[in-house]
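Let's walk through this structure together, starting from one residue and working outwards. Keep the 3D view open as you read.

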Amino acid sequence: MDKLLLIDDEADVQYSFRRIFDSPEIELSTANSGEEGLKLIPKVKPDLVLMDVRMGGITGLETLRRLRETDAKLPVIMMTAYGTTQTAIEAMKLGAYDYLLKPFDVPKLKQIVFAALKAARDMKQVVSYEPLLEMEDYDLGIIGRSEQMQQVFKLIGQLSTSNATALITGESGTGKELVARAIYHHSQRADKAFLAINCAAIPENLLESELFGHEKGAFTGAASQRVGKFEQCNNGTIFLDEIGDMTLATQTKILRVLQNGTFERVGGNSAIKVDVRVIAATNKPLEEAVAKKEFREDLFYRLNVVRVAIPPLRERPGDIRLLVNYFLKKIARSQNQQPKSISNDALAALEQHSWPGNVRELENIMQRALVVAKGEAILSSDLPREFFAHPQPSPAITLPQSIAAAEAPASVPTEQDLPALARALFQWARQEPKLKVIPAVERELIIHALIETKGNQVQAAKLLGITRATLRKRVEKFGIKQELAVK
Ligand SMILES: Nc1ncnc2c1ncn2[C@@H]1O[C@H](COP(=O)(O)OP(=O)(O)OP(=O)(O)O)[C@@H](O)[C@H]1O
Ligand SMILES: [Mg+2]
């Protein structure tokens, strides 16, 4: 559960926050003044603070300044009805996470709050890579005893004592983000901010302003000034994920920040200086992009100072057994259950698989297996069909790996892709006359939604666009395990 603290002296605002964030996942506390807020923070230990700028007693900015003396990381969103650029800049300089104008646009407020909560979680998840620690000591560990992973651990250790830029490479799902967070957690900047930006997920034309901010009127839609991630993250660490997906113009700006720590906001002309450590990651071979002139060669060399190359899972099959045990325990713990065991033939099948989706695929397979397993152990029949050499006639509906196990395609499909997706499913149905394709797909979608919502049927039904009653009927009909389904 995420904890929000609202510091605002207006009863109306407190009331609307209670309504907007009325959810079992959020616990909202309120304070009527900056002084009260500062007293409450050590008691409530909020994950995120939302604070008014103008209040009776000390101002919001002063409260933020005092808070920063003891806590450099707690994300704070400042809010005001009297927006002046100056206050906004002042707030961001003091290390506010974001700045919002009243009255709120509710969807935008929610979007910013959830993004800030995610950033807070990223900062908190302590990543340990000591390979000999007991399971209980791991918060979110990086598992691996193979020679190649030991090499990765050593590099993380070496990087922790410097401020060097690091480039993490590896196929999708190999743990690049996990390694980035481990570098941050072991670095001297561990008590400062960490912001992760997925360059591929942000539309090209918006990425530059997301990273560097923009001045009012810099482009259509830039109604007010915006402070970018580099400024927000001053003194901290920024993780640029999928760095290969960046326009040449943005690459040029990144290069300049790396070289002399300065940049300009989009549409601005005064240079801003920051001290930010950059960790970048990519799953595309940047050398090829350089050869095609899609990626700046000088930036590539600047990033490539220390390269952490994470090997694909199929090149370290010895780690599979460890990872399986780790995920069995981790998933059980998150569901407050006793860990299940796994049969030898199921483990052997997992060890022989080629793992195109790497560790993420393995984690998904384990989650799925735990949902469908009926007894105390996971059997090979609980794995998707491709995992056994000789397909067994299975009473359960099994799906091709593309749906059951694989990570979603690089880009999330849109409505336009639906005919193509349907065609693929239809061809599969035609090939396997015994298959009941509609219930099979329904079952798989429900399993995914229940995993995603940790078994919350109301949310799962909403995600799938069906009623809760329908969902419940399907859960029974398809024999999807009760403990995941009922909440
Ligand atoms: N060595 C490992 N030990 C434990 N968990 C791991 C390990 N490697 C990856 N994972 C888990 O696998 C999942 C994918 O990892 P992560 O998101 O870091 O991969 P990635 O390389 O960034 O993938 P992508 O290129 O798709 O973004 C995460 O849930 C992560 O916790
Ligand atoms: Mg990633």
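Asn358 is found in helix H15. In this predicted model, the phi of Asn358 is near 55°, a positive value in a residue other than glycine. There is another asparagine to look at alongside: Asn336, which is not a glycine either, has a positive phi of about 55°. Asn336 lies in a loop, the one between helix H13 (318-334) and strand S15 (341-342).

How do their surroundings compare? Asn358 has 22 C-beta neighbours inside 10 Å, so it counts as buried. Asn336 has 7 C-beta neighbours inside 10 Å and therefore counts as exposed.

| Residue | C-beta neighbours inside 10 Å | Class |
|---|---|---|
| Asn358 | 22 | buried |
| Asn336 | 7 | exposed |

Now to the helix that holds Asn358. H15 covers residues 358-372, which makes 15 residues. From its first C-alpha to its last, H15 reaches 21 Å, close to the 21 Å expected at 1.5 Å a residue. Why is H15 described as largely enclosed by the rest of the structure? The reason is burial: 13 of the 15 residues of H15 are buried, so the helix is largely enclosed.

H15 also takes part in the surroundings of ligand 1. The shell there has 16 residues, of which Ser172, Gly175, Lys176, Glu177 and Val359 come nearest. The elements that give two or more residues to this shell are helix H7 (176-185) and H15. By character, the shell around ligand 1 divides into four nonpolar, eight polar and four charged residues. Which domains supply at least three residues each to the shell around ligand 1? Those are domain 2 (127-311) and domain 3 (314-485).

Stepping back to the whole chain, the protein has 21 helices and 16 strands. Buried residues make up 36% of its 487 residues. Among contacts between residues at least 6 apart in sequence, 67% join residues at least 24 apart.

A word on confidence is useful before any modelling work. The protein averages a pLDDT of 84, and 89% of the residues score at least 70. Over residues 130-139, however, the pLDDT is below 50, and this stretch has 11 contacts in the model beyond near neighbours in sequence. Residues 390-406 also have a pLDDT under 50 throughout, and the model gives them 28 contacts beyond four places in sequence.

Conventions. Residues are numbered from 1 along each chain as its sequence is written. Chains are lettered from A and ligands numbered from 1 in the order in which they are written. This is a predicted model: local features need pLDDT of at least 70, side-chain atom pairs count only at pLDDT 80 or more; totals for chains, interfaces and linings use all residues. Helices (H or I, at least four residues) and strands (E, at least two) are DSSP runs, numbered from the N terminus. The expected span of a helix is 1.5 Å times one less than its number of residues. A residue is buried if 20 or more other C-beta atoms lie within 10 Å of its own, exposed if 12 or fewer, and partly exposed in between; C-beta atoms are placed from the backbone. A residue is near a molecule or strand if its C-beta atom, placed from the backbone, lies within 6 Å of it. Ala, Val, Leu, Ile, Met, Phe, Trp, Tyr, Cys and Pro count as nonpolar, Asp, Glu, Lys and Arg as charged, and the others, Gly among them, as polar. Domain bounds come from an automatic or database domain assignment. Two residues are in contact if their C-beta atoms, placed from the backbone, lie within 7 Å. pLDDT is the predictor's confidence in each residue, from 0 to 100.
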